[in-house]
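This report looks at charged side-chain pairs and at the surroundings of one helix. Please read it alongside the sequence and the model shown here.

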Amino acid sequence: EARRTSNHPLLHYQEGWIHYHAHQWDKAVPLFERVIKQFPEDKSVVRRCRLSLSNIYVQQGDTRKGEQVLEVIFAENPEDISVNNDLGYLYADQGKKLEQAEKMIRKALKAEPDNAAYLDSMGWVLFKIGKFDEALEFLTKASDGRDGEDPTILEHLGDCLQKLKQKKPAIENWKKALELARKEKWPDKKLIERISKKLKDAGESVKPPKK
């Protein structure tokens, strides 16, 4: 209805955004791509489309494609805080470009020192580098408070505690992560399987989810 009286690019983006939040990737992707092609001069809307596309590709298992989208934004604006974090995290998660990833995430964290996602990214890149004690500080802070009630953050915290030979708290965090992951509106099967395996490897029985 709004587009009948206006051809504003944000209205076209919103259509893709609706499908994006409904996890209807096949419908969202062509809409975002069309907006980028149709309104290249609107940098803000194009950026939103690219960020959404990157996340979709990562969710679909094509991390490299997700990286490439973020690398385009980063090349245009190396000071983009959220892109510094998101791209740095993708590098860290794959164990590559760790020195660059650390610098990028530190830049994001300097801008928003209490951002739980950025704290998690910092802890995760330090974990990948092997600085487990330092990583623990960031991951513990990331897990504190409401924003820390995130299964991935708690999984990372559990992994770090395990490396530091703190088995019991590691298991506690993995259990909490598994519980939260199962309650997600769209449960991440790979995440659930990964945490379940870590618990089983630690000698813990994993009960099936409650129906």
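R64, E67, E71 and K96 are linked in a network of salt bridges, a salt bridge being a side-chain nitrogen of Lys or Arg within 4 Å of a carboxyl oxygen of Asp or Glu. The model is predicted, with local features needing pLDDT of at least 70 and side-chain atom pairs counting only at pLDDT 80 or more, whereas totals for chains, interfaces and linings use all residues. Residues are numbered from 1 along each chain as its sequence is written, and side-chain values use heavy atoms, with hydrogens and water left out.

By this rule there are 17 salt bridges, including the following.

| Pair | Closest N and O atoms |
|---|---|
| R106 and E134 | 3.3 Å |
| E149 and K176 | 2.8 Å |
| E204 and K175 | 3.0 Å |

R106 lies in helix 6 and E134 in helix 8, so this pair ties together parts that are 28 residues apart in sequence; helices here are DSSP runs (H or I, at least four residues), numbered from the N terminus. R106 has 36% relative accessibility and therefore counts as partly exposed, a class lying between buried (under 20% relative accessible area) and exposed (over 50%), with a 1.4 Å probe and protein chains only.

In helix 6, the residues L98, A101, E102, M104, I105, A108 and L109 are buried. They cover an arc of only 170° around the axis, which puts them on the same side of helix 6, the arc being that of the directions from the helix axis to the C-beta atoms. On the other side of helix 6, E99, K103 and K110 are exposed.

Methods:
Helix = DSSP H or I, 4+ residues; strand = E, 2+ residues; numbered from the N terminus.
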